[in-house]
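Student: Could we go through this structure together? I would like to understand how the words used for it are justified.

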Amino acid sequence: MLLGLDVGGTFTDAVIIDAHRVVATAKRRTTKDNLMNGIGEALDAVLEGYDTSNIEQVTLSTTVVTNTIVEAKEQVVDLYVITGPGRNVDDIFPVEPIYLQGYTDHRGIVVECTPADAVRGIANMVQARSGTDLAAVSAKFGVRNPQEELSITEELKNTYHTISNGSLLSGSLNFPRRTISAYFNSAVTPVFTVFKKNVEDALSARNILAPLHILKADGGSLPMEHMVSRPVETAFTGPAATVLGLSAHGVIGNKHTVALDIGGTTTDISLWKHGKPLMTKNGVSIREYPSAVRSFAVTSVGIGGESVIRLKNGNLTVGPERVGPSVALGGVEPTLGDALIVLGHANYGDFNLASRALQDLADAIQATLQSKNVNTSNNQLTLIKTASDVARLIVEKALQTIQHGINEVVKVENKRPIYVVADIVNPDVFVPEHIVVVGGTAPNLGPSIGEYLELPVTIPENAAVANAIGAALALSTIELTIHVDTKRRLLVIPELGIKQQNCTLKRAEQVVERAKEVLSEEALRLGLDTAQEIEVINIEDFPVVEGWQSMERLITVKVQLAAGVKHYVE
């Protein structure tokens, strides 16, 4: 049996999957002040009647890192950078960086470095001022040779408890993105460490001894113990769980599909081409800062089942704020969910409470219109008399917001730069042909979305807990980069901090094979499925021209254990 947990902004969902079937589900409110309360309630509900010794693996997706970042509650981090010659970077990081002398050139040659005693002296002064025990280190071209970063990290160990390295988090060439990843990785480590212990304690208290995995933003999962050193990759796992949940249901097909995950607070929008979800090109943005964290291309709009409804300056608004449950469930302000209940699209809570709240809103609208301060010409509100009138207008406004969000996401996708000649000859313009809706509000609002957009809509079984299903079935995914300089006979694997001299590899296909071998060895070390497919993400093969001849090459290969789900659910 597989146990999946999804800690969302509004609800915490849990599922048990056995022999390709969802055999138990639970949905409980997320307790933001103490996440473990909601997680414990969901666990207790889904485990009732089941022998926990039969659970083979627990996988969860969580908002804990995302919320810490979004709410700007991360810890203070001292950021050390080695930039070498080039542009000033003062304005592109969340904090003012500490510059260290030295640099590594584009071939991975360390041209200059800061003496060890100087690093220790600078660190002592900086840390005395900041008072933090968190640091991050990032060097330009560190992925071509991690020597500088690793040497500086070694000197900082007596000053800081947690130190993140840009090159260990990403093997891609993009110094600013790697630096952002390293900074936020250290910044969220304390909250992630506490969360990890709490989850482990909760599972132990229920006699669940199965391996614990956590979802990453790219849709893969890894053992929780391994993720302690790279918690930034667990940010934005909610959208990843959505994508995996959709994959697990096998409902996407090969059409241009828009997938919607309608939760209590937001609606996540993802686009699918030829059965595959679109990914961010270089990495997800953390707040306004572009990082190297690979992620699905998912956009959120502020509409959910508990989006609050308010009358402001003669206008009726729906969302983006959420203040609590629907009135039908004991809340104090009417929501989109109340409107769906009044229209008969949803069947939960107290219908009379929802109807009374919307009728009160209708009466307030009429009172407002009768005042001389509101222009009633061409105002939809003039037609509002009953609770049903209000409900219909609320749903229409919600659908307009969702449609606008879809239009913007599609527009951005169709404006992406084209890099391949084949895409110029045969452009694949995204035109929505199909809608798939999951999330707690999917059964209630999904049919209306299909009618409004005039597109076929699919709402899979167990749509309300699709994210937890996706988490439970996520394949383990790790990514490695190998860079080879054939002239210098140098091989570098930045994510592992490996630098090897006397490398004999000369051709790209040889580097690919070596990359697959190393990835398999790392997967074995982590206890992952070594039989899983390895896919080549990227190959770069550049000639080194010297004396009018091209005799040597710079070769970079990036590979990963293929992301996806273990199997479909029936």
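Tutor: Happily; we will take a few terms and check each one against its value, keeping in mind that this is a predicted model.

Student: Let's start with Asn-145. Where does it lie, and why is it called buried?

Tutor: Asn-145 sits in the loop between β9 (134–139) and α4 (147–156). Its relative accessible area is 1%, and buried means under 20%, so Asn-145 is buried.

Student: Which residues does Asn-145 touch?

Tutor: Not counting residues up to four places away in sequence, Asn-145 touches Thr-104, Gly-108, Val-110, Val-492 and Lys-499.

Student: And what makes the pair Asn-145 and Gln-147 count as being within polar contact distance?

Tutor: A polar atom of the Asn-145 side chain lies 3.0 Å from the backbone nitrogen of Gln-147, and the cut-off is within 3.5 Å.

Student: How do you know whether Ile-286 is buried or exposed?

Tutor: Use the cut-off of under 20% again. Ile-286, in strand β16 (residues 285–286), has a relative accessible area of 0%, so Ile-286 is buried. Leaving aside neighbours within four places in sequence, Ile-286 is in contact with Ile-69, Phe-184, Val-232, Phe-236 and Ser-291.

Student: Now the helices. Why is α10 called roughly perpendicular to α11?

Tutor: The axes of α10 (residues 351–370) and α11 (residues 387–414) come within 8 Å and cross at roughly 90 degrees. Angles of 65 to 115 degrees count as roughly perpendicular, so α10 is roughly perpendicular to α11.

Student: Which residues meet there?

Tutor: From α10 they are Ser-355, Leu-358, Gln-359, Leu-361, Ala-362 and Ile-365, and from α11 they are Ala-387, Val-390, Ala-391 and Ile-394. The residues of this contact divide into eight nonpolar, two polar and no charged.

Student: Last topic: the sheet. What makes β3 and β12 edge strands?

Tutor: Six strands form an open sheet in the order β3-β2-β1-β4-β11-β12, with mixed pairing. β3 (21–29) and β12 (221–223) each have a single partner strand, so one side of each is left without a neighbour in the sheet.

Student: How do you know that β4 and β11 pair?

Tutor: Pairing needs at least two bridges. Three bridges join β4 (residues 57–62) to β11 (residues 212–215), so the two strands pair; they run parallel. Val-58 stands opposite Leu-212 in β11. Helix α8 (residues 237–249) packs on the sheet, touching β1 (2–7), β4 and β11.

Terms used:
Residues are numbered from 1 along each chain as its sequence is written. This is a predicted model: local features need pLDDT of at least 70, side-chain atom pairs count only at pLDDT 80 or more; totals for chains, interfaces and linings use all residues. Side-chain values use heavy atoms; hydrogens and water are left out. Axes are lines fitted to C-alpha atoms, for helices over the stretch in contact, and angles run from 0 to 180 degrees between N-to-C directions. Helices (H or I, at least four residues) and strands (E, at least two) are DSSP runs, numbered from the N terminus. Angles under 35 degrees count as roughly parallel, over 145 as roughly antiparallel, 65 to 115 as roughly perpendicular and the rest as oblique. Contact means heavy atoms within 4.5 Å. Ala, Val, Leu, Ile, Met, Phe, Trp, Tyr, Cys and Pro count as nonpolar, Asp, Glu, Lys and Arg as charged, and the others, Gly among them, as polar. Buried means under 20% relative accessible area, exposed over 50%, partly exposed in between (1.4 Å probe, protein chains only). A polar contact is a pair of N or O atoms within 3.5 Å; within protein, one must be able to donate a hydrogen and the other to accept it, and residues adjacent in sequence count only if both atoms are side-chain atoms.
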